[in-house]
Amino acid sequence: MPDAELLVRLAEELDTTPAALLGPELPPETEGSSTTAEQLGRIAEQLAVKNRRARRIWKIAAGVLIAFAAVNLLLILLNFAAFRSFTTEAEITAENQAVPAAEASIQTS
């Protein structure tokens, strides 16, 4: 049995059904029963739909995880930038304040 998704894709390209690609129809043993090729064709279509759905779910999950990681990284970078600007302003304020002469002589001794 070929890959289900490949079979469905090939059938779409050739503008036919997967059952026709699986082989010629066998004469039915009883009236109203489906042929083996038609059943295999339906199974192949169902497997292809299941595979597409699973891939879509994995892509969505990966996208959510990547977005979560990107947001966290952005928050870390913004936090780092904000912290540096805050400490820089505090250091500038401390440097600009003059120490009175009386206090300077006490601190040196």
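**A tour that begins at Leu78**

Start by selecting Leu78, which sits in helix H3 (residues 36-96). Helices here are DSSP runs of H or I with at least four residues, strands are runs of E with at least two, and both are numbered from the N terminus. Before you click on, know that this is a predicted model, where local features need pLDDT of at least 70, side-chain atom pairs count only at pLDDT 80 or more, and totals for chains, interfaces and linings use all residues. Residues are numbered from 1 along each chain as its sequence is written, and side-chain values use heavy atoms, leaving out hydrogens and water.

Is Leu78 buried or exposed? Leu78 counts as exposed, because its relative accessibility is 51%. (Buried means under 20% relative accessible area, exposed over 50%, and partly exposed in between, with a 1.4 Å probe and protein chains only.)

Now add Val71, Leu74 and Leu75 to your selection: together with Leu78 they make a nonpolar patch on the surface, with about 390 Å² of accessible area. Nonpolar side chains (Val, Leu, Ile, Met, Phe, Trp, Tyr) are joined into a patch within 5 Å, like charges within 9 Å, and each member has over 30% relative accessible area and no salt bridge. A salt bridge would be a side-chain nitrogen of Lys or Arg within 4 Å of a carboxyl oxygen of Asp or Glu. The areas come from the Shrake-Rupley method with a 1.4 Å probe, and for residues only the protein chains shown count as cover.

Next, jump to helix H1 (residues 4-13) and pick out its buried residues Ala4, Glu5, Leu7, Val8 and Ala11. They lie on the same side of H1, because they cover an arc of only 160° around the axis; the arc is taken from the directions from the helix axis to the C-beta atoms. Then spin to the face turned away from that buried side, where you'll find the exposed Leu6 and Glu13.

Zoom in on Leu7, which counts as buried because its relative accessibility is 5%. Pro18 is 11 residues away from Leu7 in sequence, yet the C-alpha atoms are 6.2 Å apart. Just after H1, look at Asp15, with its positive phi of about 55°.

Finally, zoom out and color by pLDDT, the predictor's confidence in each residue, from 0 to 100. Helix H4 (residues 101-108) has the lowest mean among the elements, 57, and H3 the highest, 83. Where pLDDT is low, the predicted coordinates shouldn't be read in detail.
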